[in-house]
Amino acid sequence: MNSNDLIDKKVDSLLNLMTLEEKVGQMNLYNGFWDVTGPVPQEGSAEQKYEHLKKGWVGAMLSVRGVEQVREVQKVAVEESRLGIPLIFGFDVIHGYKTLSPIPLAESCSWDLEAIEKSARVAAIEASSVGLNWTFAPMVDISRDARWGRVMEGAGEDPFLGSQIAKARVKGFQGDDLSANNTLAATAKHFAAYGFIEAGREYNSVDIGTSTLYNTVLPPFKAAVDANVRSVMNSFNEINGIPVTASKFLQRDILKGKWNFNGFVVSDWASIWELINWGHAKDKREAAKLASTAGSDMDMEGYVYIEELVKLVNDGTVKESIVDDAVKRILRLKYELGLFDDPYKYCDETREKSTLYHKDHQEAALDIAKKSIVLLKNENNLLPLKKEGQKIALIGALASEKNSPLGSWRIASDDNTAVSVLEGMKQYKGNSLTYEKGVDLTIGKTHFVEEVVINETDKSDFPKAIEAAKDADVVVMVLGEHGFQSGEARSRTQIDLPGLQQELLEEVYKANKNIVLVLNNGRPLAIEWADKHIPAIVEAWQLGSQTGNAVAQVLYGDYNPSGKLTMTFPRNVGQVPIYYNYKSTGRPINREGNVFWSHYIDSERTPLYAFGHGLSYTTFEYSNFKINGKTFNINDTVEISVDVTNSGNYDGKEVVQLYIRDLFGSITRPVRELKGFELIELKKGETKTIQFKLDKSLLGFYNNEGEFIVEAGDFKVFVGGSSMTTLEKSFELTE
Ligand code: BGC
């Protein structure tokens with residue numbers, strides 16, 4: 001008997017011993033912050049949660065963390081409940097626990113799957129040392145809308161890259177052995193299409209076509225399932241009038257049916273209860289019926305299953321087999337995590353002490369932080385900065401921030417633990433450095449659950465910044481968003497530099513044009529003015545604990561930037577949603593010189609910075625682009641090769657990208673689709689030949705019935721260092 005069968009056998013025997021109440025109890029996930037106020041009006045009291053723990057009516061806890069706390073709560077479940085079934089302990093370990101890596105969107109810009117996996121691994125090592133064994137990550141939602149605050153949590157706009165990153169993150173969290181005490185069960189979320197909420201407004205509805213669902217939204221989830229992700233979280237949105245939590249089509253037919261997913265589905269926070277607010281369920285009873293039947297296995301802080309499901313089974317409205325199926329999935333994970341062998345296996349005070357903020361973790365965070373930075377513009381090689389004899393004026397409130405760079409999902413980490421850009425720059429002692437904040441970005445305290453208040457009036461520090469700029473050889477301005485301006489419930493309608501920062505930038509520019517703009521933000525920003533005027537622009541996102549060190553090393557050329565954008569930067573918010581893999585339309589070009597083509601009358605239609613864009617201090621040349629034929633059978637593999645030469649003055653890295661265009665399809669195809677990439681390192685003067693292969697699995701697509709098909713016809717192939725590359729060749733695919 002293999003280990004899966006063995007676990008199934010144990011699960012079945014345990015299930016036989018359980019009462020209906022105990023089974024439904026396993027489908028219940030409680031938050032451990034006893035006094036939390038969330039969206040459910042009658043949230044459970046601490047006393048009630050404790051009573052339920054003792055009865056074995058809780059399957060998992062969230063936010064209980066720290067060895068001492070976890071042990072204490074686990075003890076109640078194991079020692080005081082009738083069957084002593086251990087709890088799973090979950091938490092939002094999104095980009096680190098104490099040591100923070102860059103926000104996931106930033107990490108995705110590294111295109112470095114190994115480094116991304118490592119970052120998730122480090123997060124798992126730290127989080128598991130405090131007793132946790134389950135993370136609500138990775139978020140694999142594809143999004144094209146920079147207004148949505150949660151784009152910071154994903155891997156950008158592309159399903160191919162998003163799928164690779166989903167796999168890397170799942171692997172990083174889960175490692176090779178789930179039962180090891182330093183791994184976490186991962187959660188692919190939010191299933192599905194949350195990234196497509198209308199107008200980027202948080203928790204809004206989604207209205208997308210079947211083709212987008214199959215070809216864009218679902219692939220990263222499928223990749224996570226193929227990588228054996230152990231749980232999937234459903235999403236807050238509806239699709240086609242059905243809130244996802246109640247979607248049988250998504251949860252049972254696709255996820256558990258077609259894809260054979262044998263982990264469990266956890267609801268998002270109170271999303272089962274929210275079926276009532278959506279106007280889909282008239283009361284909790286109906287919500288419980290709809291969600292359980294549709295395949296939502298665990299109720300996160302909704303108090304719906306625990307109150308209604310036993311009654312629903314007893315009166316025959318919900319089949320007991322539905323409850324059994326959910327409970328089996330949950331118990332299976334408990335066995336896989338090794339919790340039945342030792343419920344306290346993640347609880348080791350010594351390990352906890354020696355693991356958090358470990359220096360190896362800081363090193364890993366620095367490594368991925370450098371790799372996540374994208375050089376957007378570098379006129380006249382203003383960067384890298386000279387290391388000696390320069391007067392540098394560093395300007396911007398964000399430059400001295402030690403909190404904001406930690407990003408939005410950093411609830412476990414300690415405040416002010418990031419290395420600020422100011423601290424990072426100070427380590428380069430050959431130049432003289434003056435710092436002026438110029439203008440405050442925020443007013444008062446910033447907090448994960450509270451609105452950020454932006455300074456819109458106080459410009460009293462402008463003059464000092466302008467004076468400092470006048471006197472400097474180079475001005476480095478760190479501007480952008482506060483870490484709590486992106487993330488959950490942080491949608492924006494303006495995606496420019498918030499507050500008075502744009503005005504400050506323009507005033508400083510009048511005093512000194514030699515400006516390096518370092519952006520700190522959790523989403524693409526509309527910075528058309530800056531692109532037009534500022535000679536050098538560095539996208540530094542929110543890079544986590546090691547922010548300042550990473551930024552300084554890039555500015556001074558100790559690390560040659562290698563990141564490439566994974567989300568398109570629009571010129572203005574009106575272009576959003578904007579993405580590289582759009583459809584041609586019937587009128588793609590201005591053929592007759594009249595107005596009747598697909599464009600805007602008040603803006604270019606092109607992006608400011610395209611998907612895949614990112615510069616280096618060196619230059620790369622592409623040559624010898626070849627395909628091994630002109631015509632191929634559908635079952636053949638198309639082989640592509642290209643030589644890449646480092647033709648500049650620095651060693652450097654390049655992300656070589658391969659795109660295709662399927663010219664005609666029974667379902668219209670995007671103008672470009674990423675189908676391969678390779679991150680290479682080249683010494684100056686060095687050339688490497690890069691090979692790509694395209695087979696059926698890359699040349700096909702999903703039709704509107706959700707079947708994967710490959711069609712004969714004409715294709716174009718593009719290679720280069722961004723989605724805008726003009727190097728192209730063609731081939732034909734025949735039946
Ligand atoms: C978020 C989830 C998160 C959960 C638990 C929800 O509001 O949408 O992504 O995992 O809270 O914190």
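Here are a few friendly notes on the predicted model shown above.

1. Let's start with overall dimensions. The protein chain has 735 residues and a radius of gyration of 26 Å; a compact globule with that many residues would come near 27 Å, so the two agree. Along the principal axes, the C-alpha atoms fill a box of roughly 75 × 65 × 45 Å.

2. Next, the building blocks. You can look for 21 helices and 28 strands in the protein chain. As you trace them, keep sequence distance in mind: of the contacts between residues at least 6 apart in sequence, 79% join residues at least 24 apart.

3. How much of the protein chain is buried? Buried residues account for 62% of the 735. As for the outside, the accessible surface is about 27400 Å², and carbon and sulfur atoms contribute 47% of that area.

4. Now for charge. The protein chain carries 82 positive side chains and 102 negative ones. If you take the centre of each set, the two centres lie 2 Å apart.

5. One residue deserves a closer look: Glu 238, which sits in strand S7, a strand covering residues 238-239. Glu 238 is buried, yet it has no salt bridge. Where is the nearest side chain of opposite charge? That side chain belongs to Arg 201, and it is 11 Å away. A salt bridge needs the charged atoms within 4 Å.

6. Which residues does Glu 238 touch, then, apart from its neighbours within four places in sequence? Its contacts are Ser 205, Val 206, Pro 243, Val 244 and Trp 278. Try finding each of them in the structure, starting from strand S7, where Glu 238 has its place.

Note on methods
Residues numbered from 1 in each chain as written. Predicted model: local features only at pLDDT ≥ 70, side-chain atom pairs only at ≥ 80, totals over all residues. Heavy atoms only, no water. Helix = DSSP H or I, 4+ residues; strand = E, 2+ residues; numbered from the N terminus. Rg over C-alpha atoms; globule rule 2.2 N^0.38 Å. Buried < 20%, exposed > 50% of the residue type's maximum accessible area, 1.4 Å probe, protein only. Contact = heavy atoms within 4.5 Å. Areas by Shrake-Rupley, 256 points an atom, 1.4 Å probe, with all protein chains shown as cover. Lys, Arg positive; Asp, Glu negative; His and termini not counted. Charge placed at Lys NZ, Arg CZ, Asp CG, Glu CD.
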